[in-house]
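Me: I am learning how to read a protein model, and I would like to go through this one slowly, with a reason given at each step. Could we take it question by question?

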Amino acid sequence: MINRRDFIRKTGMGAAAISLAGLTDCGTSPAKQEIRMTGGKVIDAHIHVTPVKVKKALEVMDDNSVRYGVVIASISGDDPNQYVGDKAFYEIIEAIKPFKNRLGLHYTYDWDLAGTDPDFFKKAPDMLEKAVNAGAIALKNLKQLGLTARDHEGKLISIDDPRLFPIWERAEKLAIPVAFHTADPVAFFKPWNSENERWDELKLHPEWSFADQSKYPPIEKLFEQACNVYRKFKNLQFVSVHVGGYSENLKEVGRWLDEIPNLALDTAARIGELGKHPASEGHDFFTKYQDRIMFGTDLAFWNGCDVQGAGPCKDFTLEEDRKFYDIHWRYFQTKDIQFDHPTPIQGNWKIDGIGLEPEVLSKVYWDNALRIYKLDRVLG
Ligand SMILES: [Zn+2]
C-alpha cells in the first residue's frame, strides 16, 4: 500500500488526489480497501473515441481523474462495423478540435489500401504529413501490418518491409512518435479450441485467431520484424502498445527495452496478463523501466457501444467504468492479493497488486506520456 500523503506530495496532485474509501489514515485490512483516484493528473495513453462519443468519453475521464486521453488510432464507427484510415481520422480530429487539452489523436493507415492502390507506398508519407498538419500527435500502426496486410500482388507485407521506410523517415522528419500494435496475445497463436486459455474471447472473436500457420507468421517473427524497425530508425520514438504485445513474457520485453533505448510501452488491456506474473516481478519490471511505460486502458467508446479493454461491447454506466479504472489503480497502487482483473474475458484468474512507489506511479500515470507525446504544448 502506498503512502497516500507521499503520493500526493510527490506527484504534485492536489489535496484529495486519492481517496481510499473505507481506509483511514491508519489503514485497514486489504480485503476492505477500495482504491480510487478522485482528482489529480492521469493521462490514459490508450483509449478509443468516435465523434459521437466524445461527450461520454470526457465524462468518464472526468469521473476517473483522467486529465488527458490519447486516442490511439483513427478508428471510427460501430464495433464490429468500424472503419479506419483518412475517413475516420478527419472525422475524429474535427470532433475533438474543441478539446485539444483533453484529447489527442494518432493517425492510422488503412492497410487495405496497400492491396487495392498500387501507389499506396508512394502516397503514404504525404498522407501522414497531411494528418500531422491537421493535428495528429503520432502515428499508430494496427496489428494487420505483418499479420494480414497484403500488397498489390497479394504478398504479406512484413513490418520491416523497406517499402515502408519512407513512412518512418517522414515520421522522423515530423518528429512524431510511431506506435505499433504487434502480434496479439500468445494464446491467439495457439489452436482455436476449448483448450485455449482465451477460449471465451476467441469464441466471441474467431477472427482473432492467428493459429493457422499457412496464413499467418509465427508470433516470434512479428516481434523480430518490429524490433528491426526500432533498431534501424534510432531517432524515432517508438511505442509498442499492449506491453509490447508480449505481456506474457516480461523478460523478453525487458530485453527489447534494454537493447532499444527509443522504445516505450503502454499497458493497454494487459493488466490481466501483467497480474499473472508474481507481483514482485511486475513491481521490478515497472520500477526498472519506470521512464518507458505509459498507463493506458484501451477503453473504447464506439458509436453504438463501448468496450472495457476487451470483452463485450455494451453501454457501460459511469459506475461500471469507474470500477474498471479502480481495478487499475488497485493493481498499480496496492499490494492487495487475489482480486479480479479488469478484463475477465481474457481468462479466469485473479491478480495481485504490485504497489508501485509514488515516484514510479507519477511517471507511469503522467510524466512519460507527457514527454513522449509532447503534451506540454497542450497541457502547459
Ligand atoms: Zn486499442
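Me: To begin with one residue, is Ala-269 buried or exposed?
Reply: This is a predicted model, so whatever is said here describes a prediction. A residue is called buried if 20 or more other C-beta atoms lie within 10 Å of its own. Ala-269 has 26 C-beta neighbours inside 10 Å, and therefore it counts as buried.

Me: Where in the chain is Ala-269 placed, and what is its phi value near?
Reply: Ala-269 belongs to the loop between strand S11 (263–266) and helix H12 (271–274). Its phi is positive although the residue is something other than glycine, and the value is near 55°.

Me: Which helix holds His-242, and is His-242 buried or exposed?
Reply: His-242 is not a glycine, yet it has a positive phi of about 55°. The helix in which His-242 is placed is H10, which covers residues 241–244. Around His-242 there are 25 other C-beta atoms within 10 Å, so this residue is buried.

Me: Turning to the whole chain, how many helices and strands does it have, and what percentage of its residues count as buried?
Reply: The protein chain has 16 helices and 17 strands. Of the contacts with a separation of 6 or more, 71% are between residues 24 or more positions apart. The chain has 380 residues, and the part of them that counts as buried is 48%.

Me: In the open sheet, which strands stand at the edges?
Reply: The sheet is made of 11 strands in the order S12-S11-S10-S9-S8-S7-S4-S3-S13-S14-S15, with mixed pairing. An edge strand has a single partner strand, so one side of it is left without a neighbour in the sheet, and this applies to S12 (293–294) and S15 (313–314).

Me: What does strand S7 pair with, and in which sense?
Reply: In general, strands of a sheet pair through backbone hydrogen bonds, either parallel or antiparallel. S7 (residues 103–108) pairs with S4 (residues 66–71) over three bridges in the parallel sense, and in S7 the residue opposite Val-70 is Gly-104, while the bridge partner of Val-71 is Leu-105. S7 also pairs with S8 (residues 138–141) over three bridges, where Tyr-107 has Leu-139 as its bridge partner. The partners are therefore S4 and S8, and the sense is parallel.

Me: How many of the six residues of S7 are buried?
Reply: On one side of S7, Leu-103, Leu-105 and Tyr-107 are buried, and on the other side Gly-104, His-106 and Thr-108 are buried, which leaves both faces covered. Helix H3 (residues 86–96) lies across S7 as well as S3 (42–49) and S4, and runs at about 170° to S7. S7 is largely enclosed by the rest of the structure, because the number of its residues that are buried is six of the six.

Me: Which helix gives the most to the largest nonpolar core?
Reply: The largest nonpolar core has 108 residues, and those with the most contacts inside it are Ile-43, Ile-92, Val-364 and Ala-369. Leaving out residues up to four places away in sequence, Ile-43 touches several others, including Val-70, Phe-295, Trp-366 and Ala-369. With eight residues, the helix that gives the most to this core is H15 (residues 358–372).

Me: How do helices H2 and H14 lie relative to one another?
Reply: The axes of H2 (residues 54–63) and H14 (residues 318–333) come within 10 Å and cross at roughly 55°. The contact is made by Glu-59, Val-60 and Asp-63 of H2 and by Leu-318, Asp-321 and Arg-322 of H14. H2 passes H14 in a right-handed crossing. The crossing angle makes H2 oblique to H14.

Me: How far apart in space are Val-84 and Trp-111?
Reply: Val-84 is found in strand S6 (residues 82–84), and it counts as buried because it has 21 C-beta neighbours inside 10 Å. Apart from neighbours within four places in sequence, the residues in contact with Val-84 are Ser-74, Ile-75, Thr-108, Asp-110 and Leu-142. Val-84 and Trp-111 are 27 residues apart in sequence, and their C-alpha to C-alpha distance in space is 8.9 Å.

Terms used:
Residues are numbered from 1 along each chain as its sequence is written. This is a predicted model: local features need pLDDT of at least 70, side-chain atom pairs count only at pLDDT 80 or more; totals for chains, interfaces and linings use all residues. Two strands pair if DSSP finds at least two bridges between them. Helices (H or I, at least four residues) and strands (E, at least two) are DSSP runs, numbered from the N terminus. Two residues are in contact if their C-beta atoms, placed from the backbone, lie within 7 Å. Axes are lines fitted to C-alpha atoms, for helices over the stretch in contact, and angles run from 0 to 180 degrees between N-to-C directions. A nonpolar core is a set of buried Ala, Val, Leu, Ile, Met, Phe, Trp, Tyr and Cys residues joined through C-beta atoms within 7 Å. A residue is buried if 20 or more other C-beta atoms lie within 10 Å of its own, exposed if 12 or fewer, and partly exposed in between; C-beta atoms are placed from the backbone. Angles under 35 degrees count as roughly parallel, over 145 as roughly antiparallel, 65 to 115 as roughly perpendicular and the rest as oblique. A crossing is left-handed if the near helix is turned anticlockwise from the far one by less than a right angle, and right-handed if clockwise.
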